[in-house]
Amino acid sequence: MNLYITTFACNELFSEILRFLVSISGDTDLDVTTHISFFLLTRRRPTLTQALTEVAPRVTAPNEDRYLAVTAQRNRRSTASDLSRQLSSATGTTVSRQTMYRRLGHIGLYARRPGRCVLLTATHCRPRLTWSREHALWTPQQWSCVMFSDESRFSLQSDSRRTLIWAAPGTRYYQENSIERHRYGGAGLLVWGGIILGSRTDLHVQSVTMTGHICWDVILEQHVRLFRGTMGAEFLFMDDNARPHRANIVDECLQSEDITRMDWPAY
């Protein structure tokens with residue numbers, strides 16, 4: 001009797017049936033169906049149907065699941081261990097960390113890194129909306145005279161103080177799921193760059209903090225002033241309103257070089 005055996009690693013019953021059929025495969029006078037029926041009748045372990053219907057009892061009750069959901073949403077930075085201890089203290093029910101992850105996952109809450117961005121309030125949004133409406137009809141020719149500049153700081157150390165929060169998919173930059181900035185210190189690099197329609201500056205990298213003097217000596221003197229000389233009086237310079245860009249020495253430099261700064265609502 002030819003048998004084509006497929007391994008069912010996750011199903012112990014099928015594996016045992018196949019081993020049984022292999023053991024009697026040399027006997028061609030007996031019906032295979034008879035062997036399988038006899039095997040199932042004499043087997044003392046639960047049948048496949050019984051095994052599939054046996055489910056482990058649920059550890060938490062529905063009201064305890066609601067308690068976990070409310071607690072995690074109120075304090076999104078609580079760890080799974082913290083939530084487990086709070087549940088045990090409130091209800092006497094002890095659950096594992098893995099169970100905690102499953103319960104919160106059923107309601108759409110997962111451990112995620114918070115979004116890092118500038119938190120804008122209604123006071124910030126109103127002047128930005130006004131600025132956008134004022135420049136909504138600008139032509140590409142007008143925008144081609146504007147240089148946008150910005151700088152970013154990159155830490156050379158690993159972020160060992162990772163913070164995870166309970167958040168639903170698609171809500172990374174909601175205010176309750178965001179923090180304003182990294183606050184771990186250590187060595188870092190500051191990278192500055194400027195972009196203009198159809199062109200850009202070289203990236204400037206330095207290992208010191210941006211100050212008004214550095215903004216004058218490096219950025220304005222070596223980069224912005226050259227673009228102003230090439231494009232003429234229509235040139236506009238736009239920065240991100242950081243404090244070094246508002247230093248007196250920077251204002252004096254812009255006035256002496258006849259560089260017009262484009263207004264942008266402050267943070």
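**Exercise 1. Count the aromatic pairs, then describe the one formed by Y101 and W166.**

The count comes to five aromatic pairs, where rings of Phe, Tyr and Trp (its six-membered ring) pair if their centres lie within 6.5 Å. One of them joins Y101 and W166, at 5.7 Å centre to centre and 50° between the planes. Planes under 30 degrees apart count as stacked, over 60 as edge-to-face and the rest as tilted, so the Y101–W166 pair is tilted. The pair links distant parts of the chain: Y101 sits in helix 6 (residues 97-106) and W166 in strand 4 (residues 165-167), 65 residues apart. Helices (H or I, at least four residues) and strands (E, at least two) are DSSP runs, numbered from the N terminus.

A word on the model before we go on. It is predicted, with local features needing pLDDT of at least 70 and side-chain atom pairs counting only at pLDDT 80 or more, while totals for chains, interfaces and linings use all residues. Residues are numbered from 1 along each chain as its sequence is written, and side-chain values use heavy atoms, leaving out hydrogens and water.

**Exercise 2. Work out how helix 4 packs against helix 5 and helix 6.**

Start with helix 5 (residues 80-91): helix 4 (residues 62-74) packs on it at about 130°, with axes 11 Å apart. Axes are lines fitted to C-alpha atoms, for helices over the stretch in contact, and angles run from 0 to 180 degrees between N-to-C directions. That makes helix 4 oblique to helix 5, given that angles under 35 degrees count as roughly parallel, over 145 as roughly antiparallel, 65 to 115 as roughly perpendicular and the rest as oblique.

Next, find the residues: E64, Y67, L68, T71 and A72 in helix 4 meet L83, Q86, L87, A90 and T91 in helix 5, contact meaning heavy atoms within 4.5 Å.

Now turn to helix 6. Its angle with helix 4 is about 85°, and the axes are 10 Å apart. Helix 4 and helix 6 are therefore roughly perpendicular to each other. Here D65, L68, A69 and A72 of helix 4 touch M100, R103 and L104 of helix 6.

**Exercise 3. Classify the packing of helix 9 and helix 10.**

Helix 9 (residues 212-231) and helix 10 (residues 248-256) pack at about 30°, their axes 7 Å apart. That makes helix 9 roughly parallel to helix 10. On the helix 9 side are G212, H213, C215, W216 and L220, which meet I249, V250, C253 and L254 in helix 10.

**Exercise 4. Find the partners of strand 3 and the sense of each pairing.**

Two strands pair if DSSP finds at least two bridges between them. Strand 3 (residues 146-155) pairs with strand 9 (residues 236-238) in the parallel sense over three bridges, and M147 has F237 as its bridge partner in strand 9. With strand 6 (residues 188-196), strand 3 runs antiparallel, joined by eight bridges. There, D150 is bridged to G193 of strand 6.
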